[in-house]
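The exercises below go through one structure step by step. Look at the sequence and the model first, then try each task before reading its solution.

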Amino acid sequence: MQREYHDLGEQKGRIKTILAFLVIFSFVIIGRLFYLQVFKHQYYTKIASVQHWAQGDIPAKRGEIYVKDDMTDGLYPLATNQKLSLVFGSPSEMFILDDDENKIDKKSEVAEKLSTYINIDKDKLLSLFESNHTYVPIKHYLVFDDAEKIDKLELPGVYLTDEERRLYPEGTLASQLLGYVDSEGVGKYGLEQYFNEELSGEDGQYKAEVDLSKKKIAFGDSVLKPSTDGADLVLTINRDIQSQAEKLLKETVTKFSAENGNMIVMNPDNGEIIAMANYPTFDPNKYKEVEDYSLFRNSSVSDVFEPGSIFKIITMAAGLDTKKVEPDTEYDDKGVILLNGYKIMNSTRKAYGIVDMTFVIEESLNTGTVFVLNKIGKNIFYDYLKKFGFGTATGIEQPQEGEGKIYTPEEINDHGYATMTFGQSISTTPIQMIRSFAAIANGGKLIKPHLIAEKIFPDKHKEITDNRPIGEVMTKEATVKETKMMVSQVENGHGKSARVSGYKIAGKTGTAQVPKKDGGGYDPKKNIGSFIGFGPADSPRFVVLVKIDTPKGIPWAETSAAPPVGKMLDFLFKYYHIPPTEIIQ
Amino acid sequence: MRERKRKIFNQNYKSNIFLGKGSMVIASIGLLVMLGLLYLSQSNAIALKGYSLSELERQKTELESERDRLQIEATRLQSIQEIQNTQSNTDSNYIPVKKINYLPSTNVAVR
C-alpha cells in the first residue's frame with residue numbers, strides 16, 4: 001500500500017514535469033508564432049505576395065508618326081514600333097547533368113553554337129560567359145526568324161525575351177525633322193522630343209493571382225489599370241516630295257562642296273510644310289553611330305543666319321505697302337552711300353544711275369533698299385519686320401527653334417539700320433524667311449508654318465490643326481506689285497536659273513556674307529547662297545527655299561541656290577499636274 | 001373500396017420512410033460528400049479552362065507578333081529606298097516622267 005502511495009506521488013511528479021514541459025513548449029511555440037506573425041509580418045506577407053501574385057507594368061504603345069499619301073489618301077509610317085527579341089544568358093546555368101548528376105560545363109559549346117547565329121565572335125561570347133555576372137545580355141534587337149532559330153537550339157542558360165524598338169522605315173528621310181527615341185524610350189530632337197509626352201502615352205499596371213507555375217489563375221483576383229497608348233501624328237509632309245528635296249539638296253551640296261544646306265517646300269496659303277530637308281543628315285535607326293551631334297539638329301528651324309539680299313523683298317514690301325515707293329519709282333544710284341563714316345556699296349561695286357525699284361530687285365542693289373528705308377523711316381521699317389514675324393519663333397512643332405535678332409531704331413546707328421535693309425546686321429532662320437515670302441505669295445496673310453496635319457488619339461478622335469492665317473502683313477495690291485517685281489528678277493535679273501518652262505516664277509536670290517567667328521567683320525572666303533521662289537506666280541501653290549552654306553568657288557547664289565529651286569518647282573508642277581500658265585516657246 | 005386503398009397506402013408510406021437520428025447523419029454526410037465532389041469537379045473544370053485560356057492567350061500573342069512582323073515587312077517593302085532598289089535591280093519598265101501634255105481649255109462643248 002505504502003509503495004503504491006509512493007508510486008502515485010512519483011507519477012504525479014512526472015505528470016507535473018511533463019505538464020511543465022508542455023507549458024514551456026507551448027510558450028516557445030506561441031512566442032515563435034508571435035515573432036513570425038507579428039514582428040516578421042511584413043516580411044512574410046511580401047514573400048507570400050511574390051509567390052501568389054504577379055505584378056508589373058503594362059507598357060503603353062508609343063504613338064506612330066505618319067505621312068499621308070496624296071494619291072491614295074493612305075497613311076504610311078515614318079516612325080513605328082518594332083517588336084524584337086533580346087537574347088541573354090545566365091552563365092551559371094550553362095551546364096547539363098550526366099547520369100550521376102554531375103555538372104558538365106557547356107559554356108564553350110553554347111558560345112560556339114550562338115556565334116554562328118548572331119555574328120559575334122565565339123571567344124568574345126566565351127569571355128562574356130566566364131564573367132561572374134548572373135545575367136549577361138548577348139544581343140539586342142534580334143529579328144523574329146533569328147530568335148526562332150536560337151529558341152529551337154534549346155541551349156542551356158540561354159533565354160529570349162521581347163523588347164521593342166523605334167523603327168524608321170525610310171532611314172534618313174526627314175530624320176532631323178523626326179528626331180529619334182533613345183534606349184530609355186525618351187524622344188530626342190525633332191517631333192519625337194517636341195511631342196514626347198503625347199507620343200509616349202501612360203503605362204498601366206497589373207496585379208494578378210498566379211499558380212505555382214506562375215500562370216495567371218483564370219478566375220483568381222486581379223487588379224488592372226489599363227495603359228493609355230500614345231497619340232499618332234499625321235504630318236503635312238509628302239514622302240515623295242521630301243525624297244526629291246533631299247535628293248536635290250544632296251546633289252547641290254556635294255556639287256559645290258558646301259558645308260551644308262537646307263530646302264523647304266511650303267504651301268503659302270495655309271503654312272503646311274510639304275518638305276523640309278537638311279544635308280548632311282543621319283539615320284535615326286543608327287543614331288548611336290553619329291559622332292557629330294550637330295547632325296541631330298533641324299537647322300532649317302534652329303540655325304540663325306544673316307539672310308543677305310533675299311531680305312530686300314521685305315524692305316521693298318514695306319515701301320510698296322506704305323505706298324512710299326512704286327515699282328517704277330526712280331532714284332539716282334551713285335553706287336555708294338556714306339553713313340556714320342562707313343560706305344554702303346552695291347555688291348558689284350558699280351553705279352547704275354537713274355533706275356527704278358524693279359531694277360533694284362532685278363539687280364539686287366543695296367543702295368536701292370537704303371533709298372526705300374529713307375522713304376519709309378526706321379520706325380515703320382521696324383514695324384514691318386515685327387509684322388512679318390522676324391525676331392520671334394514661328395511656333396513650328398520643333399524643339400530649339402531659333403528666334404533670330406532684329407534691332408529697334410534706338411539700338412543701332414543709321415549705318416547699321418541701313419545694312420538691315422539688305423539683310424545684314426540682322427539674323428533670321430530659314431523657316432522665318434520662307435514664311436515671310438509666303439505672305440507675299442498668298443496676298444498678304446501671315447500664316448503659321450506647321451508640320452502636323454492631325455493628331456489621332458487612342459479613342460480614335462482626331463484633332464485637326466487650325467491652319468487659318470494668324471495676321472495681315474500687307475495689302476493684296478502691294479503683294480501683286482511685288483510679285484511682278486520678283487518675276488522680273490527671275491526673267492531678267494539674277495534668278496534666271498530658277499526659271500521653269502511654261503510657268504512664271506517669282507523669286508529672289510541672296511548671297512550673304514558670313515561674319516567671322518571672332519566677330520571682326522565678314523569672312524571673305526565664305527558666303528551663304530540662298531534663293532526663295534514661288535509659283536505659278538499668278539496663283540502660287542508652293543514656296544521653295546534653298547540655302548547653301550559656304551559653297552566652294554561659287555560667288556553668287558544664282559549658280560548654287562537658284563537651280564535646285566527651279567528643279568523642285570518643275571517637279572511639283574508635274575507631280576500635282578498643274579498645267580502651264582505660259583505658252584512654251 | 002377507395003377508403004381502404006388509402007389506408008394501405010398510408011400504412012406502407014409510414015413504414016417505409018422513417019427519418020430517425022442516424023438517417024439524418026447519413027443523409028447529411030451524403031450531401032456533404034456530394035457537395036465536395038461537385039466542388040472538386042467544378043474546381044477542376046475551372047483549372048482546365050484556365051489552362052485553355054492561357055494557351056489561347058499565348059496563341060493570340062504569337063499571332064499578334066506575326067501580324068506586327070508582317071506589317072513591318074510590308075512597310076519596309078513600300079519604302080522609297082526599297083522601291084528604288086527594286087527598280088534598279090530588276091528589269092522593271094518604270095520610266096521617269098519627263099514631259100506632261102495638257103489639253104488646251106476650250107469653250108466649245110465636246111459632244
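The buried residues of helix α11 of chain A pack against α12 (357-363), α13 (366-376), α14, α16, α17 (476-492) and β23 (506-515) of chain A. Helices (H or I, at least four residues) and strands (E, at least two) are DSSP runs, numbered from the N terminus. This is a predicted model, in which local features need pLDDT of at least 70, side-chain atom pairs count only at pLDDT 80 or more, and totals for chains, interfaces and linings use all residues. Residues are numbered from 1 along each chain as its sequence is written, and chains are lettered from A and ligands numbered from 1 in the order in which they are written.

**Exercise 1. State how many residues of α11(A) are buried, and describe how α11(A) packs with α14(A).**

Step 1. A residue is buried if 20 or more other C-beta atoms lie within 10 Å of its own, exposed if 12 or fewer, and partly exposed in between, with C-beta atoms placed from the backbone.

Step 2. In α11(A), 10 of the 10 residues are buried, so the helix is largely enclosed by the rest of the structure. Among them are Lys312(A), Met316(A) and Asp321(A).

Step 3. Two packed helices are described by the angle between their axes and the distance between the axes. Axes are lines fitted to C-alpha atoms, for helices over the stretch in contact, and angles run from 0 to 180 degrees between N-to-C directions. For α11 (residues 312-321) and α14 (residues 378-387) of chain A, the angle is about 115 degrees and the axes are 10 Å apart.

Step 4. Two residues are in contact if their C-beta atoms, placed from the backbone, lie within 7 Å. On the α11(A) side the contact has Ile314(A), Thr315(A), Ala317(A) and Ala318(A), and these meet Ile380(A), Phe381(A) and Tyr384(A) in α14(A). By class, this contact has six nonpolar, one polar and no charged residues. Ala, Val, Leu, Ile, Met, Phe, Trp, Tyr, Cys and Pro count as nonpolar, Asp, Glu, Lys and Arg as charged, and the others, Gly among them, as polar.

**Exercise 2. Follow the chain past the end of α11(A) and place Lys324(A).**

Step 1. Just after α11(A), Lys323(A) takes a positive phi of about 60 degrees.

Step 2. Lys324(A) is in the loop between α11 and β15 (330-333) of chain A. Lys324(A) counts as partly exposed because it has 16 C-beta neighbours inside 10 Å.

Step 3. Apart from neighbours within four places in sequence, Lys324(A) is in contact with Gly319(A), Lys375(A) and Ile376(A). The C-alpha atoms of Lys324(A) and Val372(A) are 7.8 Å apart, while the two residues are 48 apart in sequence.

**Exercise 3. Find the residues with the most contacts inside the largest nonpolar core.**

Step 1. A nonpolar core is a set of buried Ala, Val, Leu, Ile, Met, Phe, Trp, Tyr and Cys residues joined through C-beta atoms within 7 Å.

Step 2. The largest core has 113 residues, and those with the most contacts inside it are Ile264(A), Val265(A), Ala275(A), Ala317(A), Ile434(A), Phe437(A) and Val543(A). Helix α16 (residues 430-441) of chain A supplies the largest share of this core, eight residues.

Step 3. Take Val265(A): beyond four places in sequence, its contacts include Ile241(A), Ala275(A), Phe542(A) and Met568(A). A second, separate core of 12 residues includes Met94(A), Leu125(A), Ala147(A) and Ile150(A).

**Exercise 4. Asp73(A) and Thr550(A): which is buried and which is exposed?**

Step 1. Asp73(A) has phi near 70 degrees, a positive value in a residue other than glycine. Asp73(A) lies in the loop between β2 (65-68) and β3 (75-89) of chain A, and with 7 C-beta neighbours inside 10 Å it counts as exposed.

Step 2. Thr550(A), also not a glycine, has a positive phi of about 55 degrees. Thr550(A) lies in the loop between β25 and α18 (557-560) of chain A. Thr550(A) has 20 C-beta neighbours inside 10 Å and therefore counts as buried.

**Exercise 5. Describe the side of chain A that touches chain B.**

Step 1. Contact is made between 22 residues of chain A and 18 residues of chain B.

Step 2. On the chain A side, β3 and α9 (239-255) each supply at least two residues. β3(A) gives the most, with five residues.

Step 3. By class, this side has 11 nonpolar, five polar and six charged residues.

Step 4. Chain B itself has three helices and zero strands, and buried residues make up 2% of its 111 residues.
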